[in-house]
Amino acid sequence: MTETEVSRTLAIAWGLAAAPQRGPKRELSLERIVDAAIEIADAEGLAAVTMQRVAKSFDFSTMALYRYVSTKDDLYQLMLDAAMSAELGPLDAVTWRDGCRALLQDLVLGYRTHPWALDIPLTPDIHMMPGQIRVADIGLGAMRAMPVDEHTKLAILILISSIARGHAAVEREVLAGAVMTDATRALIEEAVTASDFPNAAAFVRSGSYFGDHPNRVEQTGEKDIEAILGFTTEVMLAGLADMLEHAPTPETPPVTAAPPTPPEALVAAEASLAAHVELRKATQQRLRELEREESALVKARDRAKELAKAHAKLAQR
């Protein structure tokens with residue numbers, strides 16, 4: 001690929017690759033293919049996702065998929081981009097701390113919801129795909145008030161993403177469902193001697209290495225995992241706060257977003273209107289559900305009142 005070319009994966013992700021002129025256009029689209037692949041991976045793992053399997057879910061031939069996605073690796077990258085950005089919500093954060101904390105938690109949630117995403121190697125292209133640009137956009141919005149330059153903000157985004165992926169990997173492969181048998185513990189306590197492991201031996205002997213705590217009663221693995229994530233998050237935020245406190249004042253103020261062009265403003269206005277309409281419809285639907293529930297509760301209350309009156313009359317006899 002030359003410097004003037006765009007990779008096939010990015011072209012597909014951004015809709016720049018030409019749509020097939022022939023084939024099952026109505027039934028198939030890139031979005032539907034990626035969604036179907038994600039559904040398979042969520043249910044059975046990444047190994048179950050093959051071009052043949054995805055095509056079968058639409059009752060089409062494998063060649064029909066190749067008109068939209070060139071290779072399975074391209075499909076994997078598209079799945080990763082779509083799955084990880086799908087769990088992100090708008091950050092209504094007041095401070096950069098709240099915003100960075102929420103972004104980290106949302107990314108970890110993405111890996112928890114789609115653990116197979118950890119099995120897909122990261123490539124340079126993944127950071128240029130639409131979903132990851134959305135991650136960056138949300139993160140930059142959270143850091144809008146941070147008095148640092150754009151290079152530092154990019155580094156913070158990389159830090160948050162790295163912590164999220166690293167924690168998710170440890171959570172999936174080490175913490176989740178981990179069982180420490182008595183025999184395993186006895187083995188470690190015997191094998192870890194002060195002569196071979198001068199620093200870790202006392203740690204093992206005290207039980208701290210196994211997660212023992214003097215005030216610990218009964219704590220589930222899930223609580224342990226959340227405690228570790230919370231600790232990691234707060235350490236990260238404390239480190240960033242210390243960096244900001246001691247960072248030199250930038251010579252120029254941080255770059256602010258350029259005002260949108262009229263076409264961009266129109267797109268944003270239409271998106272805001274569509275989101276508001278969807279919210280209104282959902283609210284109206286919920287209101288109708290609440291009204292039905294209220295009506296049922298009123299009937300139940302009236303019936304209970306009648307039974308109470310009848311019971312009182314019987315008691316007076």
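Is H5 mostly covered or mostly exposed, and how many of its 15 residues are buried? H5 is mostly covered, with 11 of its 15 residues buried (under 20% relative accessible area, 1.4 Å probe, protein chains only). The model is predicted: local features need pLDDT of at least 70, side-chain atom pairs count only at pLDDT 80 or more, and totals for chains, interfaces and linings use all residues. Residues are numbered from 1 along each chain as its sequence is written, and side-chain values use heavy atoms, without hydrogens and water.

**View 1. Helix H5 (residues 72–86) and its surroundings.** Helices are DSSP runs (H or I, at least four residues), numbered from the N terminus. The end C-alpha atoms of H5 are 21 Å apart, in agreement with the 21 Å that its 15 residues should span at 1.5 Å a residue (1.5 Å times one less than the number of residues). Among its buried residues are Asp74, Tyr76, Leu80 and Met84. The buried residues of H5 pack against helix H1 (8–13), helix H2 (30–44), helix H3 (51–57), helix H6 (96–113) and helix H7 (130–142) (contact: heavy atoms within 4.5 Å).

**View 2. Helix H2 and the glycine that follows.** Buried residues of H2 include Leu30, Ile33, Val34 and Ala37. Packing partners of the buried H2 residues are H1, H3, helix H4 (62–66) and H5. Just after H2, glycine 45 has a positive phi of about 95°.

**View 3. Arginine 165 in helix H8 (residues 150–175).** Arginine 165 is buried and touches Tyr111, Ala117, Leu118, Ile120 and Leu122, residues up to four places away in sequence not being counted. A polar atom of its side chain lies 3.0 Å from the backbone oxygen of isoleucine 120.

Technical notes: Helices (H or I, at least four residues) and strands (E, at least two) are DSSP runs, numbered from the N terminus. Buried means under 20% relative accessible area, exposed over 50%, partly exposed in between (1.4 Å probe, protein chains only). Lys and Arg count as positive and Asp and Glu as negative; His and the chain ends are not counted. A salt bridge is a side-chain nitrogen of Lys or Arg within 4 Å of a carboxyl oxygen of Asp or Glu. A polar contact is a pair of N or O atoms within 3.5 Å; within protein, one must be able to donate a hydrogen and the other to accept it, and residues adjacent in sequence count only if both atoms are side-chain atoms.
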